[in-house]
Amino acid sequence: MKIAGGFGASELFQFLRDGEPRTRAELAQLTGLARSTISLRIDELLEHGLVTPVGEAVSTGGRPPAQIALNPGARVVVAADLGATHGRVAITDLSGTVLRSVFEDLVIDNGPEVVLDWLVLTINRLMVECDRPISDLVAVGIGLPGPVEHESGRPTNPPIMPGWDGYDVPAHMRRTFSVPILVDNDVNIMALGERAMGWPDADNIIFVKVSTGIGLGIIGGGVLQRGAQGIAGDIGHVKIPRGAGVVCKCGNEGCLEAIAGSPAIIADLRGIGRDITTVAELVALVKSGDTSAIQAVRQAGRDIGEVLTVCVSIINPSVITIGGALAQAGEHIIAGVREVVYSRSTPFAAEHLSIVQSRAGEMAGVAGASIMAIERALSPEGIEGIGA
Ligand SMILES: [Zn+2]
């Protein structure tokens, strides 16, 4: 903690950002600052609308002390979850509550200029619909379907995103919005959202995204694990025995994605006469009870389970949660994962491990992008940027 002289409103705000109402006396006790200093700092935060007086604390007699709490509606952030073929964009308040959102087709292959210009237009439109001026926007969080160097916000060798390698995503967005722009891999933000919405008390979670690609978002010790280059959890191109001889789009043979990703499953089913081309059609076929489709999806679950068994030994999670478009196929894919992971893991690790469907579902990505943006917006630097 800083000495009193250097303890500004942005530092005091850190004690209020959890949303819990506190009295001036409680804040004085928490910070060690004089009541007069606390009052000055609170006045600054009140002036910017970042905190608001709330309710009445339990009084020990006399006038009840006024409480102060975060004002979640004071500002907004953008949360964007951009996939290979679709994008979901939301405006949320500072508690992560979605004020407005859209889900639209987009083609990530069109390259960063086209896709990010679309994002800018979409953000402007949503802000108008929310009736909020652009000056209320304090941060933008973006998830992309490929590896991202989180520090710089640049994608690094993304296999399905031609033209995006090394592109300065934050710089593009800052041409229009002069606020912090945070960029991460979509699986990472989905893991953040899944934990917040479904497992707030679990500190060791593996989120599995199963769709066109297959990847993990890893939360270890309560913290998102990005790894040295931001590619921790990138298991799609791990070699597995059943893939022997199958060529992957990455150029190698036997990759997990090449046999268990949705394009591989769809191609196999087309080979036996099923007329499907999209993940949604595959999910519908499974739900209709088609035995071949069910078996194919269950086998994909087993293949993913092969790699997850190793991850369980390394990370020792308490929860593995399965999300992504193919997870909509329900229990069949999870059954395949469980079959392999539970039979191959050590009994003690398996006994304390839940393998379940994602609780956040299709909102995991925007929830995580919102958390990432709010985290930055409410940090001492973020609050100083707002002017407090
Ligand atoms: Zn590969």
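The exercises below work through a predicted model of a protein with a zinc ion.

**Exercise 1. Confidence**

Task: State what average pLDDT the protein has, and where pLDDT stays under 50.

Solution:
- Start with the average. The protein has a mean pLDDT of 91.
- Add the spread. A score of at least 70 is reached by 95% of the residues.
- Locate the weak stretch. Residues 1–5 stay under 50.
- Check its packing. The model has seven contacts for residues 1–5 beyond four places in sequence.

**Exercise 2. Overall fold**

Task: Compare the radius of gyration of the protein with the globule rule.

Solution:
- Count the elements. There are 14 helices and 15 strands.
- Take the two radii. The radius of gyration is 23 Å, and the globule rule gives 21 Å for 388 residues.
- Conclude. The values are close, so the protein is as compact as a globular protein of that length.
- Add the extents. The C-alpha trace spans about 75 × 50 × 40 Å along its principal axes.
- Look inside. Buried residues are 52% of the 388.
- Look at range. Of the contacts with a separation of 6 or more, 60% join residues 24 or more positions apart.
- Finish with the surface. The accessible area is about 17,000 Å², and carbon and sulfur atoms hold 52% of it.

**Exercise 3. The zinc site**

Task: Identify which atoms coordinate the zinc ion, and derive the geometry of the site.

Solution:
- List the donors. They are ND1 of His237 and the SG atoms of Cys248, Cys250 and Cys255.
- Give the distances. They run from 1.9 to 2.3 Å.
- Test the angles. The four donor atoms make angles of 105 to 118°. Four donors count as tetrahedral if all angles lie between 85 and 135 degrees, so the site is tetrahedral.
- Set a reference. The ideal angle for four tetrahedral donors is 109.5 degrees.
- Write the spacing. In sequence it reads H-x10-C-x1-C-x4-C.
- Place one pair. His237 and Cys250 are 13 residues apart, both in the loop between strand E13 (223–224) and helix H7 (256–260).
- Assign exposure. Partly exposed covers the range between 20% and 50% relative accessible area. His237 has 27%, so His237 is partly exposed. Cys250 has 37%, so Cys250 is partly exposed too.

**Exercise 4. Ser10**

Task: Decide whether Ser10 counts as buried or exposed, and find which residues Ser10 is in contact with.

Solution:
- Place the residue. Ser10 is in helix H1 (residues 9–13).
- Apply the cut-off. Buried means under 20%, and Ser10 has 2% relative accessibility, so Ser10 is buried.
- Find the partners. Outside four places in sequence, Ser10 is in contact with Pro380, Ile383 and Glu384.
- Add a C-alpha distance. Ser10 and Arg41 are 8.5 Å apart, with their positions 31 residues apart along the chain.

Conventions: Residues numbered from 1 in each chain as written. Predicted model: local features only at pLDDT ≥ 70, side-chain atom pairs only at ≥ 80, totals over all residues. Heavy atoms only, no water. Donors = N, O, S within 2.8 Å, 3.2 Å for Na, K, Ca; no water. Tetrahedral: all angles 85-135°; square planar, octahedral: opposite > 155°, others 65-115°. Helix = DSSP H or I, 4+ residues; strand = E, 2+ residues; numbered from the N terminus. Buried < 20%, exposed > 50% of the residue type's maximum accessible area, 1.4 Å probe, protein only. pLDDT = per-residue confidence, 0-100. Contact = heavy atoms within 4.5 Å. Rg over C-alpha atoms; globule rule 2.2 N^0.38 Å. Areas by Shrake-Rupley, 256 points an atom, 1.4 Å probe, with all protein chains shown as cover.
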